[in-house]
Amino acid sequence: MVKKILLYTGLLLGILVLASFLFVFFNKPDYSGKLGLEGLKEEVTVYFDGAGVPHIYAQNETDA
């Protein structure tokens, strides 16, 4: 009886760990690539630092 409870608890824990890993792995935002936006007058660059904070570099305040 105790072995069954431990087996099911271990199995449930394993499933939860796997599900958590897959959730985190597949839900990461994409910080790379290029995107074209209408209405920009000059080039705008967005850099994401290690904490995911965006840093926007633009030639004018309207584009930023």
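This text walks through the largest pocket of a predicted model and then through three single residues. Local features are given where pLDDT is at least 70, side-chain atom pairs count only at pLDDT 80 or more, and totals for linings use all residues. Residues are numbered from 1 along each chain, and side-chain values use heavy atoms, with hydrogens and water left out.

The largest pocket has a volume of about 450 Å³. A pocket here is an open set of points on a 1 Å grid over the protein atoms alone, where a 1.4 Å probe fits, with protein on both sides within 12 Å along at least five of seven lines. The volume is the space filled by probe spheres set on the points, which are joined across faces, edges and corners.

Lining residues, those with an atom within 4 Å of a point, number 16 for this pocket. Gly33, Leu35, Val44, Thr45 and Val46 lie nearest its centre. Strand S1 (residues 44-48) gives the largest share of the lining, four residues; strands are DSSP runs of E, at least two residues, and helices are runs of H or I, at least four.

Leu35 sits in the loop between helix H1 (2-26) and S1. Leu35 counts as exposed (over 50% relative accessible area, 1.4 Å probe, protein chains only) because its value is 73%.

Two further residues follow strand S2 (54-58). Asn60 is in the segment after S2 and, at 24% relative accessibility, is partly exposed, the class between exposed and buried (under 20%). The C-alpha atoms of Asn60 and Val44 are 9.1 Å apart.

Asp63 also lies in the segment after S2. The side chain of Asp63 reaches the backbone nitrogen of Lys41 at 3.2 Å.

Methods:
A polar contact is a pair of N or O atoms within 3.5 Å; within protein, one must be able to donate a hydrogen and the other to accept it, and residues adjacent in sequence count only if both atoms are side-chain atoms.
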